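This report covers strand pairing and salt bridges. Please look at the structure first.

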Amino acid sequence: MDLKSKARLAGWFEPAEWTKEMDMYRSLLEQETHFPLPNDTLLHYVDGLNEREKLSIALTLEFPFAKRELRKWPDMLFVKMLRTAFQQAQRSLAMKRRVLLAIFQLLPLEGGMSRTFECMLEERDQLIAGYGYWAYYWLLYFHPFKTENQETWLFELKRLEERERSAPAAQQAPSSDAQALDVSTASPGNGKPDKKLKLLENMYKKELSARQRLEHELAQKDKLLRMKAKELHQLEEALERMRVEAERAAFRWDQEIRQREERGRRWKREQADWLEERQSFIQHTRSLNAQQVQLQRALEAQENTIREQAAEIALLDEELQDVSRQQRDADEWAAPFSQSLQHKLAELGQALASGGSSAPTRNRLRVTLDLLDALEAYQAISLACATAMPSPAAVEVDEQQLAQTAAADQLHHAGNASAADAGPARLPALYGTFARRDHGGSITLENGDSFNITESLVQQHELQHEAELLCTPVQQPGRPTYYELELLFQGDDAYSPIQQFDGYIEKGEGPLWFCVDMNDPASRFQLHHRDVDIQRPSPGDPCIFNVADGSHIARLVRLYRQSGSVTPPDGAKQRQSAQEQPELTAAARRNKDKREQPRPHNEPFLQNCVITIVGGVRKWFESVVRECGAELAHDTGDHPDRVMAQLQRSQALFLLITSTSHRATWEGIHIAKSNGIPHFVIQGSKSNLRSLLWEHRALIIASNR
């Protein structure tokens with residue numbers, strides 16, 4: 001049973017409309033709402049009405065046949081539909097009001113309802129004679145006195161019904177009693193008292209049947225009343241349960257609201273902590289950038305000094321070669337000239353001994369001897385200079401040592417582990433893009449060449465996937481070409497084909513070793529055999545390892561050996577204990593930052609937008625802008641006037657201030673402000689550019705339209 005039926009049984013009726021005809025009898029209709037209809041009495045009453053009165057009832061109850069012209073009144077159809085209307089009146093308040101309205105319209109309510117109940121009882125015979133029995137009955141039935149004293153009203157109503165039932169017998173009783181009296185007076189012993197006794201028995205039986213019928217009706221009404229009381233009790237229980245459930249729901253709702261408020265406060269605290277950490281990180285980054293600029297300037301100054309020293313060494317080498325060449329030439333003609341002077345001296349001595357002209361001969365002999373002394377003095381000076389001057393081999397060794405020192409200093413700044421050989425030859429630098437692998441990575445140059453780098457170089461430069469580098473090739477005699485690396489624009493490991501975990505080493509069966517995720521012990525990855533052979537791990541050693549997407553092989557990034565696993569030298573023990581905890585903390589922070597990065601947004605979200613970027617190289621930003629569905633307008637910052645026309649129709653301006661001039665920066669900001677275009681500063685990485693595009697997508701889409 002639904003709630004509507006329970007409410008109807010409990011006396012709660014649905015609201016019904018009040019028509020214009022009902023307003024005339026509103027008080028009586030509201031009074032009779034709480035009393036059941038006397039269906040049987042109404043049927044007896046309607047059965048005695050004429051066709052005109054029945055038609056009035058049919059029109060009030062809106063029977064279909066009532067509005068048609070009928071040759072003969074359909075008594076059977078009328079009674080059937082009237083019984084249906086009585087049944088509907090038990091469930092519908094509107095139908096019950098229409099039935100009562102049909103009865104009220106046939107009664108003289110104006111003259112009857114103005115009398116009191118006692119007056120109507122006193123004038124019963126006059127009213128029955130004036131209006132008829134049924135009109136008096138319904139005036140008495142609908143009288144407002146029934147709500148004041150229902151027992152008296154019910155008693156008088158039953159007396160009226162009993163009088164009506166006994167009226168036909170009373171009309172026949174006088175004649176039969178007179179005949180019986182005449183007969184009894186004429187002949188007292190002829191058996192007439194038996195007939196009178198029989199008549200009294202019949203009257204007793206009628207009264208008894210009437211009493212039984214009334215008792216049966218009373219029992220039915222008591223039964224109906226108990227049923228309604230039971231239904232009312234069930235309805236009250238249901239309402240109580242609903243009230244309890246409503247209170248529980250309200251309590252749960254309040255509790256959920258408090259939880260949401262607590263989560264909001266916790267999120268605000270975390271956001272404030274994150275902003276504070278971000279500010280400290282930005283300040284630290286700025287200080288590192290300033291130190292990097294200072295180191296770059298110092299390196300450039302050292303490189304200039306080295307180049308100047310190399311130029312001076314080359315000039316000194318040339319002068320030394322000239323002096324050596326002149327010395328070799330002097331040595332070549334000094335010996336023959338000395339021999340020639342000695343022969344000349346011998347000839348002059350023989351001529352002087354033979355007795356020739358002595359004065360000229362002695363003069364020539366004196367000049368020859370002076371010249372020979374001067375030649376020997378020159379040879380002695382040349383020998384002393386050759387002994388004091390370094391040999392060409394020694395000069396070449398000094399040049400090699402100087403070149404090695406300069407190359408080692410440059411390689412220490414670029415992060416290359418190999419030492420430079422003597423006389424490196426630098427080739428023009430090329431741009432390259434770094435691709436991350438599970439161990440190390442590869443760099444693809446702009447000319448199509450590519451080369452691999454080790455994991456140590458990746459960690460040393462803190463390279464991320466798609467990082468942009470400046471690669472300077474260096475050629476050394478007898479050795480392969482190597483590259484000096486300089487990070488220009490950081491990439492984004494969120495788009496790399498690897499996953500990095502913090503974990504520990506676990507020994508498996510046989511030669512198998514496993515790396516286990518610290519946060520999920522069920523995630524176990526087999527360790528690569530090369531890492532096992534080279535690193536020599538021990539069970540339980542903390543580590544950081546990489547796993548390629550779709551692979552189950554782990555490659556070690558860094559291994560932190562536990563005390564006792566490997567015995568390091570005495571000098572390295574203190575360094576290892578001092579460096580192990582900061583390295584673990586820094587690695588954990590990097591991995592946490594990587595895991596907390598937002599998931600890549602594969603669907604384009606900046607369609608029909610133009611993004612202008614000033615600074616850097618165009619290919620650094622093409623892939624990122626293409627992912628979001630926007631059009632890229634780029635300038636390196638050398639000629640900003642070339643991109644100003646596209647900037648005026650752009651939706652956003654991004655500046656890489658580390659790779660552009662001040663003039664291009666301020667001109668771009670001025671044009672952006674004048675056109676209402678938002679401008680942002682790229683913090684040196686593709687991940688930062690992606691986050692800026694995603695976080696400010698609504699502002700970018702709505703600007704400059």
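Two strands count as paired if DSSP finds at least two bridges between them. The model discussed here is predicted.

## The barrel

Strand 7 (residues 498-507) and strand 10 (residues 542-548) meet that criterion: seven bridges join them. The two strands run antiparallel. One contact gives the register: Ile498 has Ala548 in strand 10 as its bridge partner.

This pair belongs to a closed barrel of five strands, in the order 7-8-9-11-10. The pairing in the barrel is mixed. From one strand to the next, the twist averages 50°. In general, strands of a sheet pair through backbone hydrogen bonds, either parallel or antiparallel.

## Salt bridges

How many salt bridges does the structure hold? The count is 20. Three of them are set out below, with the distance between the closest N and O atoms.

| Basic residue | Acidic residue | Closest N and O atoms |
|---|---|---|
| Arg243 | Glu247 | 2.5 Å |
| Arg618 | Glu622 | 2.9 Å |
| Lys686 | Glu468 | 3.3 Å |

Take Arg243 and Glu247. Both lie in helix 14 (residues 192-353). They are four residues apart, about one turn of the helix. Arg243 has a relative accessibility of 39%, so it counts as partly exposed. Glu247 is also partly exposed, because its relative accessible area is 44%. The partly exposed class runs between the 20% and 50% limits.

Arg618 and Glu622 sit in helix 20 (residues 618-627). Their spacing is four residues, about one turn of the helix. Arg618 has a relative accessible area of 36% and is therefore partly exposed. Glu622, at 29% relative accessibility, counts as partly exposed too.

Lys686 forms a salt bridge with Glu468, with the closest N and O atoms 3.3 Å apart. This pair links distant parts of the chain, 218 residues apart. Lys686 is in helix 23 (residues 686-695), and Glu468 is in strand 5 (residues 468-476).

Are Lys686 and Glu468 buried or exposed? Both residues are buried. That places each under 20% relative accessible area.

## A network

Which residues are linked with Lys686 and Glu468 in a network of salt bridges? The other members are Glu466, Asp492, Glu627 and Arg690. The buried pair Lys686 and Glu468 is thus part of a network of salt bridges.

How values were computed:
Residues numbered from 1 in each chain as written. Predicted model: local features only at pLDDT ≥ 70, side-chain atom pairs only at ≥ 80, totals over all residues. Heavy atoms only, no water. Salt bridge = Lys/Arg side-chain N within 4 Å of Asp/Glu carboxyl O. Buried < 20%, exposed > 50% of the residue type's maximum accessible area, 1.4 Å probe, protein only. Axes fitted to C-alpha atoms, helices over the stretch in contact; angles between N-to-C directions.
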